[in-house]
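Student: I am new to this structure, and I would like a close look at one part of it. Please begin with a single residue and then work outward to its surroundings.

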Amino acid sequence: MSYVLAVDLGATNIRVALGTREGKLLVKVKEKTVREGDEYSVANQIVNIINKHFSNAIRKVAGIGIGSIGPLDLKKGRIIKPVNLPFKTIELKTPIEEKLGLKVRILNDAVAAVWGEKIFGLGVNVANIVYITLSTGIGAGVIVDNHLLLGKDGNAHEVGHIIVDFNGTMRCGCGKLGHWEAYASGRNIPEYAMYLIETKFSQLLGKSSLKKYVENRKLSSETLFKEARNGDALALKIVEEIGKINAAGFASVINAYDPELITIGGAIALNNRELILKYLAKYLDFYVINRKPKITITPLGEDIVLYGALAMIIQEPECSTAL
Ligand SMILES: [Zn+2]
């Protein structure tokens, strides 16, 4: 059994890779995630991708690891009411196991990612690791004392909803107030940036390269960070405010889990390494109480969920639920 199949199941794309036991991703395939059909459509799509691209290798495959969007019912191996896909439930484990005759393990994508970091990344020989993704949303995977944290419903790692502002200036996508994700995730940064521009930074708009985007209400997270990298004063002020919010979020993670290592991934972090790390370094000490961990960008990059999916088959995580 020399190979493993790794699946990164996102709301936009499904990525499938054939990998080796040593952690090498040999072939990667990407398709848009299906948005029509029933609770078996996504599983059928994954089975079809595997049959189409990996049929030659399948006899030598030890199992299929899936890092998935949530929320998951880990015991039943399904997704329940995904926010960004039009299905009530998505059955994964049972139909894929039945159709391919292979063992399937599933974890939330950021949870899979931290296991990938431990087996194939910077976390080898590290017992306490947190992986944080700064992307469309904010998520994490947490390993404490070599134990992968899941919680009673599998949500022990939902750090995106940590409260960074009890006054609740911004409302989160989950409907509640003051959550980290409402200020610093790709989905919500534009609204928070507009709020800052209309309040404390209104004087800076006149000379800013952000002006035309603001006037057309077309300011995106990507544009904001791009103009900050170009040195625009207003964009930098906003990115620094987001940096303070991130520092509060990271400090809460450090205060709660006491990690030795935090690795960061997700498009916002991978595209803005210096800006993200700079403001964490500047503001973390205002909030953190535990001894600070090493904090760095993950070397596994945008493939970290695939590495995690690979890792969960090669070495089953020690956790409270049998996967
Ligand atoms: Zn929330």
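**A loop residue and the protein around it**

Tutor: Leucine 74 sits in the loop that joins β5 (72-73) to β6 (78-80), where strands are DSSP runs of E with at least two residues, helices are runs of H or I with at least four, and both are numbered from the N terminus. The model is predicted, so local features need pLDDT of at least 70 and side-chain atom pairs count only at pLDDT 80 or more, whereas totals for chains, interfaces and linings use all residues. Residues are numbered from 1 along each chain as its sequence is written, and side-chain values use heavy atoms, with hydrogens and water left out.

With a relative accessible area of 16%, leucine 74 is buried, because buried means under 20%, exposed over 50% and partly exposed in between, using a 1.4 Å probe and protein chains only. Apart from residues up to four places away in sequence, leucine 74 touches Ile106, Leu107, Leu150 and Thr321, a contact being heavy atoms within 4.5 Å. Of these partners, threonine 321 is 247 residues from leucine 74 in sequence, yet their C-alpha atoms are 7.5 Å apart in space.

Tyrosine 40 gives another view of a loop, this one between β3 (25-32) and α1 (41-54). Its relative accessible area of 37% makes tyrosine 40 partly exposed, and, leaving aside residues up to four places away in sequence, tyrosine 40 touches Glu91 and Pro95. Tyrosine 40 and isoleucine 64 are 24 residues apart in sequence, with 17 Å between their C-alpha atoms.

Turning to the whole protein, 64% of its contacts with a separation of 6 or more are between residues 24 or more positions apart. Buried residues make up 57% of the 323 residues. The protein has eleven helices and 13 strands. Its radius of gyration, taken over C-alpha atoms, is 20 Å, close to the 20 Å of the globule rule (2.2 Å times the number of residues to the power 0.38), so the protein is as compact as a globular protein of that length.

The chain is divided into domain 1 (3-108) and domain 2 (122-299), with bounds that come from an automatic or database domain assignment. The centres of these domains, taken over C-alpha atoms, are 29 Å apart, and six residues of domain 1 are in contact with six residues of domain 2.

Helix α5 (residues 189-198) is largely enclosed by the rest of the structure, because seven of its ten residues are buried. Among those buried residues are Tyr192, Met194 and Leu196, and the buried residues of α5 pack against several helices, including α4 (181-184) and α8 (233-257).

Finally, there is a zinc ion, whose protein donors are His161 (ND1), Cys172 (SG), Cys174 (SG) and His179 (ND1), 2.0 to 2.3 Å from the ion. Donors are N, O and S atoms within 2.8 Å of the metal (3.2 Å for Na, K and Ca), and water is not among the atoms, so sites may look incomplete. The four donor atoms subtend angles of 98 to 120° around the zinc ion, so the arrangement is tetrahedral, a label that requires all angles to lie between 85 and 135 degrees. Along the chain, the donors follow the spacing H-x10-C-x1-C-x4-H. Of these residues, histidine 179 is buried at 9% relative accessibility, whereas cysteine 174 is partly exposed at 40%.

Conventions. Four donors count as tetrahedral if all angles lie between 85 and 135 degrees; four count as square planar and six as octahedral if opposite donors are over 155 degrees apart and all others between 65 and 115; anything else is irregular.
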